[in-house]
Amino acid sequence: MAFEDFDLVSERRKANAKQHLKKKILIGVTSVVLIACVIAAVTFVIVKRSGPDHNNNDKKPVQNAPPEPERVDKYSRLVTMLCSHSEYKEKCVTTLKEALKKDPKLKEPKGLLMVFMLVAKNEINNAFNKTANLKFASKEEKGAYEDCKQLFEDAKEEMGFSITEVGQLDISKLASKEAELNNWLSAVISYQDTCSDGFPEGELKKKMEMIFAESRQLLSNSLAVVSQVSQIVNAFQGGLSGFKLPWGKSDAHAPAPDADTDAVADDDEDLADAPDGAPDADQPIFEAPIGAPGAAPIGAPRVDAPPSWAAPAVDLPGSTEKPTPNVTVAKDGSGDFKTISEALAAIPQTYKGRYVVYVKEGVYDETVTVTKKMVNLTMYGDGGLKSIITGNKNFVDGVRTFQTASFVVLGDGFVGRDMGFRNTAGAIKEQAVAARVQADCSIFVNCNFEGYQDTLYAQTHRQFYRDCVISGTIDFIFGHASAVFQNCQLVLRKPLDNQKNIITANGRIDSKSNTAFVLQKCVIKGEDDLPSTTKNYIGRPWKEYSRTIIMESDIPALIQPEGWLPWEGDFALKTLYYGEYDNVGAGAKTDARVKWIGRKDIKRGEALTYTVEPFLDGSWINGTGVPAHLGLYN
């Protein structure tokens, strides 16, 4: 199968951009009414949260407010249920109750979800507007703020994707979209965090973190409510006929309540009489694995038959056929362009199918960026040690880590094949990224990533690495993405004296985020000059809810018996999640592993949830010509 014949990755960015420009109203009278209610309620919540104008000295005495309508109280149990697993429960309950006070028609879960997302989006805008008055004392601070501007645009765009998706969604189909919504919302949280991380330690960085705190909490609650509503809908569609949904439906197939009526469930007996297994306001429908901080990546539906991904694993064989390129890059002038950046700049604004760039053998010393407009781009070379993109930007020389990458991927649906990506700054230059990947549904196969500290920045979204070689010293795979590394070689290099080697530094920020690093069927090895005295570890927690799973991999004796390393003090040791399953090699024994509550020897059933099909919603890999194993090998 040739690459140009591959099925397209989702064109959602183009579709959403057209929608935004045309300002289309969602189809259907019910949707129009719902959106009008949501906007009115959101406006009310925003005004309520903002408080009165404290500069107004002509205020009249405030009269005692009339009692709240009784009908609002009848939804308190629904609100409690939806917020039961929010990290910021009080804020969650307040946000929903204020919206319901404005318009109880928002008893529809779809409307309540939109309230959360619109309020969060408004707060993101407010937070960034507040940064306009900040004073910068150094070029480092000014540069970090420039990064924040781009990250803010990314956050706004992907927040818009989430809101549009919910607005168009048949709520009964929420479970099929939960992973997608979690993907976008998790990325928005990471963009804010990346913005703050770019600032040097000091008062300004603390101020940035405080400015984003409110929107950060609202986004976290949005993740929690999406998950909770999805699980409720799943459970109620599992054959619970005759049981009233808490927002007023008589059963899973009944029509929605009339938008013009104020009828509500008469009392709490609807929930009190729920059959076994129905959702409860104080208990989740699906429990996360013991010790896991938050939900498992994609909960298995509550049905008797096993989910599709629990069946015998399917191999996607892939294809070795070389595609016909749209353009060829060759340093010797034998192609269409001499540099990769020139070839990318010449890509048409619109094109059908995949756009293919062939990079002939050579070392290309340039900073290459695949922009967001360059969706469904394939770049292939003559081999990971032959067609190489290289650079040497680094932290010690004054470049922010975010900007040190030799190769950056922002365009969704990217496929990189038989390419090499290097940062040659060396261990002494500290953070120096070879490749930074932000794009959703991005794939690398038979590629080499070479660096020292921070070699591969798997920044956000869903990423799949197959048959790749990734080498480095400190945290040489790091980021916030949902990434599976399958059949990869993880190569430990010689660090500076007195330094340790750490393979992963996962940056999962929120307990409800479905992100993690998964190392499956990988081989860990050291370069020939790696000193025997060097201490080597599988990973350490970059962020509070760091999550990494290593399974069916070869762990040699050069990995320390404790396996994992703290970041600093006891940071994240009670909230991280590190799972190990069915590994081999002298370093795979876990009896001497760290005794942190989140370090687990996981069972087969849980390991299955971290395989390609369920964890990455991996159907998008099929048709790309890339080999993949969708389940467990054994």
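Select Arg436 first, and then Tyr457 in β14, because these two residues stand opposite each other. The model on screen is a predicted one, and the tour moves outward from this pair of residues. Arg436 falls within strand β11, residues 435–437, which pairs with strand β14, residues 456–458, in the parallel sense over three bridges.

Next, colour the whole sheet to which these strands belong. In this open sheet seven strands follow the order β5-β8-β11-β14-β17-β20-β23, and the pairing is parallel. The edges are taken by β5 (368–370) and β23 (536–539), each of which has a single partner strand, so one side of each is left without a neighbour in the sheet. On average, and with direction ignored, neighbouring strands of this sheet are turned by 10° against each other.

A second sheet can now be given another colour. This one is also open, has 11 strands in the order β2-β3-β6-β9-β12-β15-β18-β21-β24-β25-β26, and shows parallel pairing. Here β2 (327–329) and β26 (599–601) stand at the edges with a single partner strand each, so that one side of each has no neighbour in the sheet. The twist from one strand to the next averages 10°. To inspect the β2 edge, select β2 together with strand β3 (residues 355–359), since the two pair in the parallel sense over three bridges; within this pairing, Thr328 stands opposite Tyr358 in β3.

From the sheets, turn to the charged side chains. Side chains of opposite charge can pair when their charged atoms come close. A search of the whole structure finds 24 salt bridges, and a few of them are worth selecting one at a time.

Begin with Glu180 and Arg462, whose side chains meet in a salt bridge at 2.8 Å, N to O. Glu180 lies in helix α8 (residues 174–197) and Arg462 in strand β15 (residues 462–466), so this pair ties together parts that are 282 residues apart in sequence. Are the two partners buried or exposed? Both Glu180 and Arg462 are buried.

Keep α8 selected and look along its length. At Glu180, the residue just examined, α8 bends by about 25°. The 24 residues of α8 should span 34 Å at 1.5 Å a residue, and the end C-alpha atoms are 33 Å apart, which agrees. Of these 24 residues 20 are buried, so α8 is largely enclosed by the rest of the structure.

Moving to helix α9 (residues 203–236), select Glu203 and Lys206, which are three residues apart in that helix and therefore separated by about one helical turn. Glu203 forms a salt bridge with Lys206, and the closest N and O atoms are 3.9 Å apart. Glu203 is exposed, with a relative accessible area of 61%.

A further salt bridge joins the side chains of Arg422 and Glu450, at 3.2 Å from N to O. Because Arg422 lies in strand β10 (residues 420–423) and Glu450 in strand β13 (residues 448–450), the pair ties together parts that are 28 residues apart in sequence. Arg422 counts as partly exposed at 23% relative accessibility, while Glu450, at 18%, counts as buried. After this pair, select Glu580, Arg593, Arg599 and Asp601, which are joined into one network by salt bridges that share partners.

Now hide the charged residues and display the nonpolar ones. In soluble globular proteins, nonpolar side chains tend to be buried together. The largest nonpolar core has 65 residues, and those with the most contacts inside it are Leu113, Met117, Met159, Phe199, Leu219 and Val229. The elements that give two or more residues to this core are α4 (76–82), α5 (89–102), α6 (109–130), α7 (139–168), α8 and α9. Which element gives the largest share of this core? The largest share comes from α9, with 12 residues.

Among these contributors, α5 deserves a separate selection. Its 14 residues reach 20 Å from the first C-alpha to the last, close to the 20 Å expected at 1.5 Å a residue. The buried residues of α5 are Lys91, Cys92, Thr95, Leu96, Glu98, Ala99 and Leu100.

The last stop is Lys494, in the loop between β19 (489–492) and β20 (501–506). Lys494 is partly exposed, with a relative accessible area of 42%. Add Thr473 to the selection: Lys494 and Thr473 are 21 residues apart in sequence, yet their C-alpha atoms are 6.9 Å apart in space.

How values were computed. Residues numbered from 1 in each chain as written. Predicted model: local features only at pLDDT ≥ 70, side-chain atom pairs only at ≥ 80, totals over all residues. Heavy atoms only, no water. Helix = DSSP H or I, 4+ residues; strand = E, 2+ residues; numbered from the N terminus. Axes fitted to C-alpha atoms, helices over the stretch in contact; angles between N-to-C directions. Salt bridge = Lys/Arg side-chain N within 4 Å of Asp/Glu carboxyl O. Buried < 20%, exposed > 50% of the residue type's maximum accessible area, 1.4 Å probe, protein only. Expected span 1.5 Å × (residues − 1). Bend = angle between axes of the 7 residues up to and from the residue. Core = buried A, V, L, I, M, F, W, Y, C linked by side-chain atoms within 4.5 Å.
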